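Let's take a walk through a protein model together. Keep the picture open while you read, and try to find each piece as it comes up.

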Amino acid sequence: MSWGTELWDQFDNLEKHTQWGIDVLEKYIKFVKERTEIEINYAKQLRNLSKKYQPKKNSKEEDEYKYSSCRAFLATLNEMNDYAGQHEVISENMTSQITTELARYVQELKQERKTHFHDGRKAQQHIETCWKQLESSKRRFERDCKEADRAQQYFEKMDADINVTKADVEKARQQAQLRHQMAEDSKAEYSSTLQKFNQEQHEHYHSHIPNIFQKIQDMEERRIVRIGESMKTFAEVDRQVIPIIGKCLDEITTAAESIDQKNDSQLVVEAFKSGFEPPGEVDFEDFTQPIKRTVSESSLSNSREGKSESRFSTKSKGKLWPFIKKNKGGGPEDFSNLPPEQRRKKLQQKVDELNKDIQKELDQRDALTKMKDVYIKNPQMGDAASVDLKLGELAQNLERLRLEVQKFEGWLAEVEGRLPARTDTTRRQSGMYEPQNTLTVNNCAQDRESPDGSYTEEPSQESEMKAPAPEFDDEFDDEEQLPTIGTCKALYTFEGQNEGTISVTEGETLYVIEVDKGDGWTRIRKNEDEEGYVPTSYVEVFLEKNAKGAKTYI
């Protein structure tokens with residue numbers, strides 16, 4: 001099957017058909033281009049969607065991602081971002097492998113088609129020219145034959161007429177012979193032209209046109225093959241990203257399967273646990289008893305005892321603090337307004353933050369020290385003295401941060417029970433601390449009953465809470481004072497704001513009565529009546545050689 005033999009006379013239809021083929025190819029290019037735009041827009045929308053639901057930095061949303069379900073959702077968002085990337089890959093590959101290649105091929109195809117049909121028109125014009133020459137030679141031969149026939153008839157007529165002179169007859173004979181010769185020449189020319197035309201026509205329809213049409217056929221078939229290959233590439237581009245997309249979906253499934261509801265429930269407990277025991281039963285207060293009794297010393301004393309018991313029974317009321325509306329606003333620096341467990345977490349978080357800040361300052365100090373060394377070795381690079389000012393500022397910042405860490409570590413140690421109990425501390429102190437002990441009982445009761453600062457005792461209750469103090473004071477007076485086991489020198493100033501601690505100033509010499517037991521605190525005495533705990537890192541201890549239990553934890 002060949003267009004040159006089967007469609008030898010369909011030049012115009014082939015021209016229209018090949019143009020239609022190019023139009024189809026351009027339509028397919030447009031289709032792929034729009035597909036790439038859809039893919040890139042889809043990828044952009046997926047990325048925007050993933051970004052929209054990503055947790056914002058330094059926001060409460062970050063705390064939510066400690067739960068496994070939220071972490072799984074975050075993993076889903078990240079995988080969707082990768083999923084969007086694969087659609088971008090589809091768009092890029094389709095653009096480079098299909099759209100760009102086909103656009104270039106269309107230009108080449110148009111140029112090739114133009115060349116082939118130009119050759120076809122040229123061949124047609126040539127055969128048409130040969131045909132015109134044949135027609136012209138034929139008409140000339142026909143005309144000369146007619147002229148020769150008329151000249152012959154005229155000669156015969158003149159020859160038969162007796163009245164015509166011999167000279168006229170001879171002239172007519174010569175004219176007839178001339179016309180016959182011209183007719184013979186035209187006949188020979190026509191015969192030659194006809195033979196040439198037949199040869200040209202044979203070559204035109206059996207050689208030139210078939211060759212041109214065959215080239216056009218090959219061109220059209222290459223176009224069809226090319227569009228088929230492009231369709232395969234279209235599918236292959238999608239198929240190439242399927243494994244990666246499948247991996248993204250597998251990761252989403254894995255993240256979903258990693259959700260642990262039990263662990264999430266435990267995290268809720270850790271996040272909101274107060275550390276308090278549930279409130280106990282409320283005692284019945286019988287206010288009819290004093291009315292029925294008679295006024296006597298015994299009844300008076302009993303009624304006083306009843307009053308004191310009823311006064312102390314307000315502790316059970318204080319235990320109802322979880323059901324009282326909490327005060328709004330910022331709490332104290334030591335987070336004493338929070339329940340114990342929450343306070344411990346906040347203090348630990350604060351200590352960690354301060355330690356990170358200290359590490360940053362240390363790194364910066366090391367970098368500046370190295371820079372200073374470089375300036376000293378190579379003065380042309382910079383002035384070493386200019387670094388000293390920054391190093392001084394860093395030293396001050398480090399000292400301030402260390403003090404902050406020690407302060408919060410002290411509070412954290414108090415919460416976690418690393419410091420001695422308050423009652424133990426107060427029992428070993430002298431009679432000077434009796435008023436402070438009374439206040440301590442008040443504060444402890446208030447902290448226990450109203451940790452968030454929402455519940456406060458009435459003034460009358462606070463004054464009546466001082467009643468048990470003399471009983472503890474008697475125990476304190478009976479206890480002997482601890483012996484001195486060495487001395488120490490304060491390296492830094494320490495403000496003892498918490499109960500059981502004592503304030504010292506830098507350079508002050510003090511007496512050691514109890515060494516550090518591993519909790520970071522040393523017990524000292526300022527004078528005969530003033531003693532308490534200071535951070536071990538704040539003092540330089542000098543223990544006596546024969547002191548009992550003289551061990552240094554510095």
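Here is a short tour, from the whole chain down to single residues.

## The big picture

First things first: what you are looking at is a predicted model. The protein has 554 residues, and buried ones make up 31% of them. Its secondary structure comes to 15 helices and five strands.

How much of the contact picture comes from residues that sit 24 or more positions apart? If you take the contacts with a separation of 6 or more, such pairs account for 74%.

## Two helices side by side: H2 and H5

Start with helix H2, which covers residues 11–52, and helix H5, which covers residues 166–257. Their axes are 11 Å apart, and the two helices pack at an angle of about 15 degrees. An angle under 35 degrees counts as roughly parallel, so H2 and H5 are roughly parallel to each other. The crossing of H2 past H5 is left-handed. Sort the residues of this contact by class and you get 15 nonpolar, four polar and four charged.

While you're on H2, look for Glu-39, which has its place in this helix. Is Glu-39 buried or exposed? Its relative accessible area is 7%, and the cut-off for buried is under 20%, so Glu-39 is buried. Setting aside residues up to four places away in sequence, Glu-39 touches His-87, Ile-90 and Ser-91.

## A loop residue with faraway partners

Now find Tyr-67, in the loop between helix H3 (60–64) and helix H4 (68–160). With a relative accessibility of 17%, Tyr-67 counts as buried.

Which residues does Tyr-67 meet, leaving aside its neighbours within four places in sequence? The contacts are Asp-264, Leu-267, Val-268, Ala-271 and Phe-272. Gln-266 is another one to look up: Tyr-67 and Gln-266 are 199 residues apart in sequence, yet from C-alpha to C-alpha they are 9.7 Å apart in space.

## Running opposite ways: H10 and H11

Further along the chain, look at helix H10 (residues 340–377) and helix H11 (residues 385–416). Their axes come within 9 Å and cross at roughly 160 degrees. Angles over 145 degrees count as roughly antiparallel, and H10 and H11 are therefore roughly antiparallel to each other. This crossing is left-handed. By class, the contact of H10 with H11 has 19 nonpolar, five polar and 13 charged residues.

Leu-391 is a good residue to zoom in on, and you'll find it in H11. At 18% relative accessibility, Leu-391 counts as buried. Neighbours within four places aside, Leu-391 is in contact with Arg-365, Leu-368, Thr-369 and Lys-372. Take Leu-368 as an example: it is 23 residues from Leu-391 along the chain, and their C-alpha atoms are separated by 7.1 Å.

## The five-strand sheet

On to the strands. In general, strands of a sheet pair through backbone hydrogen bonds, either parallel or antiparallel. Here, five strands form an open sheet in the order E4-E3-E2-E1-E5, with antiparallel pairing. Which strands stand at the edges? They are E4 (531–535) and E5 (539–543); each has a single partner strand, so one side of each is left without a neighbour in the sheet. From one strand to the next, the twist averages 40 degrees.

## Zooming in on E3

Strand E3 covers residues 521–525, and five bridges join it to E4. Two of the pairs are easy to look up: Ile-524 has Gly-532 in E4 as its bridge partner, and Trp-521 has Pro-535. The hairpin that joins E3 to E4 goes through five residues.

Strand E2 (residues 509–514) is joined to E3 by three bridges, and the two run antiparallel. Across this pair, Tyr-511 stands opposite Arg-525 in E3. The hairpin of E2 and E3 has six residues between the strands, and in it Gly-518 takes a positive phi near 100 degrees.

Why is E3 largely enclosed by the rest of the structure? Five of its five residues are buried, so the strand ends up largely enclosed. Trp-521, Arg-523 and Arg-525 point one way from E3, while Thr-522 and Ile-524 point the other way, and all are buried.

Key:
Residues numbered from 1 in each chain as written. Predicted model: local features only at pLDDT ≥ 70, side-chain atom pairs only at ≥ 80, totals over all residues. Heavy atoms only, no water. Helix = DSSP H or I, 4+ residues; strand = E, 2+ residues; numbered from the N terminus. Buried < 20%, exposed > 50% of the residue type's maximum accessible area, 1.4 Å probe, protein only. Contact = heavy atoms within 4.5 Å. Axes fitted to C-alpha atoms, helices over the stretch in contact; angles between N-to-C directions. Parallel < 35°, antiparallel > 145°, perpendicular 65-115°, else oblique. Left-handed = near helix turned anticlockwise from the far one by under 90°. Nonpolar A, V, L, I, M, F, W, Y, C, P; charged D, E, K, R; others polar. Pairing = 2+ DSSP bridges.
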